[in-house]
Protein chains: 2
Amino acid sequence: MLSKRDRARPFVRRSIHNQILHEVGERILRGVFMPGDILPSENALSDEFKVSRPVMREAIKVLAAKGLVDARPKIGTRVRLREQWNMLDPDILTWSFASREAEQYAIHISEMRRVLEPEAAAIAALRATPEQIDRIAESFAGMEACPEDTQEHIVHDLRFHQGILEATGNPFIASTGHVIESALLFSFKLSSQIEGACSDSLPRHRDVLTAIQASDAEGARRAMAVLIDEAWSGIEEFMRKRDAALPARH
Amino acid sequence: MLSKRDRARPFVRRSIHNQILHEVGERILRGVFMPGDILPSENALSDEFKVSRPVMREAIKVLAAKGLVDARPKIGTRVRLREQWNMLDPDILTWSFASREAEQYAIHISEMRRVLEPEAAAIAALRATPEQIDRIAESFAGMEACPEDTQEHIVHDLRFHQGILEATGNPFIASTGHVIESALLFSFKLSSQIEGACSDSLPRHRDVLTAIQASDAEGARRAMAVLIDEAWSGIEEFMRKRDAALPARH
DNA sequence: ATAAGACATATTGTATGACAAAAAATGACG
DNA sequence: CGTCATTTTTTGTCATACAATATGTCTTAT
């Protein structure tokens, strides 16, 4: 039942509970279960997924914890309105990109990066400890070592940005790392669909790194802004190309 | 067992499962269970709280969903490192302010507001629909109607800021509303401890509103920055006063 | 006929007990 | 002494039963 999706996501999903959580969560994000809808009863769901009710309940409780649903006796489990969803939850971010509006989400996430990361870089430039700077520098070295558009490159890229967020010393800003992660994964998925056109973002990353090493807040802010803008226009270009190739979309 | 805390939090906690979730979550944030620690086994915990194991498990699963713990067979349920916690989760935000580092968290949250909200106001100034502007204006009217430092005033204040976040049209930015909420609740709790000194933030709010109504992005950005800075310096002043009054603080 | 109240009903909430699976610790054997 | 099987502990899963809750219906009295 989940075979296709399982192949797409390499990491193991140990527990049955987890598989079901992701399946139902994705259904909600994909609009199979719409906001305001009442989910099938726990019994019906546990029948459908061939699991016991406790397992089903654990999954539903987790969905409720993320703000996706609201369970009440006699009423049932209702899908909450989108405004109530905790879009910054890592799982919800993942599921978002399985929905039909994935590109809309990408646009919004990019906008959020544009708000957060330049400022984070500026703060990091002022506060980063030597160890934190080292970690950012190592990530950059890793990016240089791996060819762009490879899985490994993405990992280092992510570490680079996450390292900056953590170097702000602000745990709340650091927690937005998941947002950046999903953005990078999306751009990777997209760019792997089209040949060539690697934007070569290394010089921009270097600018950010050197500014942070020099405790140059203003420079870090600007370099990061340029980096994100370029990355985003690269993605936009991809999408335009793809739309031109496939004129009959929807 | 939970009576003191129950009195402090007016809203009902329907299910036992929920009470336990909050109790254990708060213990983790308070450092009773430290990162790296293994929680007592499910059986031990369900005994302590006098609940069945399924209920205990549901609570633990929710904690795991928020990134606080990681359960594994034979190993147990380990408290994850703080960097792994999803600090933007509404519950974790709430529990944070029950910890001894509440004021540190407040500082960090304020910094995050300083990053997010001015930009959000600028975006909202460009994109807000008439209905969204109406909602912001109504919230402002509500703030004018209620005396500062009342529960009602806080509610309208929160709606004001949340309305701006939603008016960005960006669901991820809108989801940061919980961060602002916890900041407002904290400042309310703090200011209710000390008499007088209402900072009178109404004029600043009006500045933001009029800028948004005029689609003046730059004006909205600056007005919001001023608003947050003033609010924060008010809080700082409170804390200084209190520290002066209670010199023997650990 | 209408309105108020009691009751049936469906759904989530909680409890109990048992077994499966996994992984670490232990002990036996080469 | 090292390697492999065994034991053991903890979470993972299942099955079933009953309690609590809120909706909707149905009865009854005015």
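Read from one end of the sequence to the other, chain A runs α-α-α-α-β-β-α-α-α-α-α-α-α-α. That makes twelve helices and two strands for chain A. The model is a predicted one, and everything below should be read with that in mind. Along its principal axes, the C-alpha trace of chain A covers about 60 × 45 × 30 Å. Of the 250 residues in chain A, 49% are buried. Among contacts in chain A with a separation of 6 or more, 66% link residues that sit 24 or more positions apart.

Next comes the DNA. A total of 23 residues surround DNA strand C, and the closest of them are Arg53(A), Arg57(A), Ile16(B), Ser52(B) and Pro54(B). Several elements each bring at least two residues to the surface near DNA strand C: on chain A these are α4 (53-65), β1 (69-72) and β2 (76-79), and on chain B they are α2 (16-30) and α4 (53-65). Sorted by class, this surface holds nine charged, eight nonpolar and six polar residues. As for the strand's own side of things, 61% of the atoms of DNA strand C within 4 Å of the protein belong to sugar or phosphate, with bases making up the rest.

A few individual approaches help to fill in that picture. Arg53(A) places a polar side-chain atom 2.7 Å from a base oxygen of DNA strand C. Glu42(A) works through its backbone instead, with an N or O atom 3.1 Å from a phosphate oxygen of the strand. Over on chain B, a polar backbone atom of Ser52(B) lies 2.9 Å from a phosphate oxygen of DNA strand C.

The two protein chains also meet each other. Here 34 residues of chain B are in contact with 34 residues of chain A. The size of an interface is often given as the accessible area lost when the parts come together. Between chain B and chain A that buried area is about 3,300 Å², and carbon and sulfur atoms give 63% of it. On the chain B side, the residues losing the most area to chain A are Glu58(B), Leu88(B) and Phe172(B), which together account for 21% of what that side buries.

Glu58(B) turns up again among the charged pairings. It forms a salt bridge with Arg57(A), where the closest N and O atoms are 2.9 Å apart; Arg57(A) is also listed among the residues closest to DNA strand C. In total, six salt bridges are counted between chain B and chain A, and 18 residue pairs are in polar contact, both partners being at pLDDT 80 or more. The side of chain B that touches chain A draws at least two residues from each of α4, β1 (69-72), α5 (90-96), α6 (102-127) and α9 (171-174) of chain B. The largest share, ten residues, comes from α6(B). By class, this side of chain B divides into 16 nonpolar, eleven charged and seven polar residues.

Some single residues of chain B are worth a look too. Two of them, neither a glycine, have a positive phi: Lys50(B), at about 60°, and Lys74(B), near 70°. Lys50(B) sits in the loop between α3 and α4 of chain B, while Lys74(B) belongs to the loop between β1 and β2 (76-79). How buried or exposed is Lys50(B)? With 72% relative accessibility, Lys50(B) is over the 50% mark and so counts as exposed. Lys74(B) has a relative accessible area of 83%, so it is exposed as well.

Pro40(B) is found in another loop, the one between α2 and α3 (42-48) of chain B. Its relative accessible area is 31%, between the 20% and 50% limits, so Pro40(B) is partly exposed. Leaving aside residues up to four places away in sequence, Pro40(B) touches Phe33(B) and Leu45(B). Ala106(B) is 66 residues from Pro40(B) along the chain, and their C-alpha atoms are separated by 31 Å.

Glu230(B), by contrast, has its place in a helix, α12 (residues 217-245) of chain B. A relative accessible area of 34% makes Glu230(B) partly exposed. Between Glu230(B) and Ser175(B) there are 24 Å from C-alpha to C-alpha, with the two set 55 residues apart in sequence.

Conventions
Residues are numbered from 1 along each chain as its sequence is written. Chains are lettered from A and ligands numbered from 1 in the order in which they are written. Side-chain values use heavy atoms; hydrogens and water are left out. A residue is near a molecule or strand if one of its heavy atoms lies within 4 Å of it. A polar contact is a pair of N or O atoms within 3.5 Å; within protein, one must be able to donate a hydrogen and the other to accept it, and residues adjacent in sequence count only if both atoms are side-chain atoms. Helices (H or I, at least four residues) and strands (E, at least two) are DSSP runs, numbered from the N terminus. Ala, Val, Leu, Ile, Met, Phe, Trp, Tyr, Cys and Pro count as nonpolar, Asp, Glu, Lys and Arg as charged, and the others, Gly among them, as polar. Contact means heavy atoms within 4.5 Å. Buried area is the accessible area (1.4 Å probe) that two parts lose on being put together, summed over both. A salt bridge is a side-chain nitrogen of Lys or Arg within 4 Å of a carboxyl oxygen of Asp or Glu. Buried means under 20% relative accessible area, exposed over 50%, partly exposed in between (1.4 Å probe, protein chains only).
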